[in-house]
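Colleague: I would like a close look at one part of this model, the stretch that carries a domain annotation, together with whatever packs around it. Please take me through it in one go, with the cut-offs as you reach them.

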Amino acid sequence: MLTRNPDIAKIGEEILPFEMTRIPEFFQRKAETELRDTPERRAQGLRQIKEMAKNDKVTRDVIFSDDFLLQYLRCRKYNVAKAFSQLKAFVNLRRKFPQIFCNFRYENIVTTMTKKIVTVLPWRCQDGCAILFIELDNWNPDEFPVEEVKRMVVLMLLQSLREPMTQINGFKVIFDVKSNPLRHLRIVYQEDIKVFILSIIPSHSRLRG
């Protein structure tokens, strides 16, 4: 029988919850081995990337939290120059597509969640990845705008990447379109797909297919 206690779970056999108060020892070793993640590098990397952000015209007026910056440092294995380049790209993306990132309406968030159009699953894959589940069958494009679906996908992906476990292991996206995909495809254009991909890649390169 599988146990769901992350403190005693066997990697590859048990399932870990999405929200975790600590990183299990196995994943701490994985982060150090694969991402060069150590307390010393975290402190040094944060200090350096904050200094670069303060001195750059694109980012100097933006306030960044440590957990937000760490996702860039980890995904670039503490190459601060590359991490900062991705950070700038994301800031520019937000400014280019403000309609995707700003002015969320509470009622639309509730609709997306209660109808289970976009969901972050409460349990992770056995490899530690977070899972975003998009059930297009629950979405009626005639009643709920595609723009709101895109906004919720971006919101949930970005929020999941604030979790250290997701920063270390990445995430997977599952699309469920089994019944009637044509009614959705007719209003999802190439530009929509491009924005969706660009919204993910600047934040975290450890995307799992």
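Modeller: Happy to. First, a word on the annotation: UniProt positions are given in the numbering used here, feature names are shortened, and an annotation may be inferred rather than shown by experiment. With that in mind, the unreviewed UniProt entry puts "domain: CRAL/TRIO N-terminal" at residues 65-90. The model is predicted, so local features need pLDDT of at least 70 and side-chain atom pairs count only at pLDDT 80 or more, while totals for chains, interfaces and linings use all residues. Residues are numbered from 1 along each chain as its sequence is written, and side-chain values use heavy atoms, with hydrogens and water left out.

Within residues 65-90 the chain is 81% helix and 0% strand, and the C-alpha atoms at the two ends lie 15 Å apart. Helices (H or I, at least four residues) and strands (E, at least two) are DSSP runs numbered from the N terminus. For context, the protein has 10 helices and 4 strands, in the order α-α-α-α-α-α-β-β-α-α-β-α-α-β from the N terminus on.

A good residue to start from is Leu73, in helix 3. Its relative accessible area is 0%, so Leu73 is buried; the classes are buried under 20%, exposed over 50% and partly exposed in between, with a 1.4 Å probe and protein chains only. Setting aside neighbours up to four places away in sequence, Leu73 touches Gly45, Leu46, Ile49, Tyr78, Val80 and Ala83, where contact means heavy atoms within 4.5 Å. Gly45 and Leu73 are 28 residues apart in sequence, with 6.9 Å between their C-alpha atoms.

Gly45, Leu46 and Ile49 also belong to the contact between helix 2 and helix 3. These two helices pack at an angle of about 105 degrees, and their axes are 10 Å apart. Here the axes are lines fitted to C-alpha atoms, for helices over the stretch in contact, and angles run from 0 to 180 degrees between N-to-C directions. Helix 2 and helix 3 are therefore roughly perpendicular; that class spans 65 to 115 degrees, with under 35 roughly parallel, over 145 roughly antiparallel and the rest oblique. Helix 2 contributes Arg42, Gly45, Leu46, Ile49 and Lys50 to the contact, and helix 3 contributes Asp66, Leu69, Leu70, Leu73 and Arg74.

The loop between helix 2 and helix 3 holds Ile63. With 84% relative accessibility, Ile63 counts as exposed. Ile63 and Lys50 are 13 residues apart along the chain, and their C-alpha atoms are separated by 9.5 Å. On the other side of helix 2, the loop from helix 1 (25-35) holds Arg36, whose phi is near 60 degrees, a positive value in a residue other than glycine. Most residues other than glycine have a negative phi. Arg36 is partly exposed, at 36% relative accessible area.

Now to the core. A nonpolar core is a set of buried Ala, Val, Leu, Ile, Met, Phe, Trp, Tyr and Cys residues joined through side-chain atoms within 4.5 Å. The largest one has 23 residues, and Ile49, Phe64, Leu73, Leu87, Phe90 and Phe101 have the most contacts inside it. Two or more residues come from each of helix 2 (39-54), helix 3 (66-75), helix 4 (80-96), helix 5 (98-101) and helix 7 (146-160). Helix 4 gives the largest share, 7 residues. A second, separate core has 17 residues, among them Val118, Phe144, Met152 and Leu161.

Helix 7 deserves a look too, as 12 of its 15 residues are buried. Among them are Val146, Val149, Met152, Val153, Leu157 and also Glu148, Lys150 and Arg151. Helix 7 reaches 21 Å from first to last C-alpha, close to the 21 Å expected at 1.5 Å a residue, the expected span being 1.5 Å times one less than the number of residues. The C-alpha atom of Leu157 is 8.5 Å from that of Phe171, 14 residues apart in sequence. Phe171 belongs to strand 3 (residues 171-176) and, at 1% relative accessibility, counts as buried.

Finally, the whole protein: 44% of its 209 residues count as buried. Of the contacts with a separation of 6 or more, 72% join residues 24 or more positions apart.
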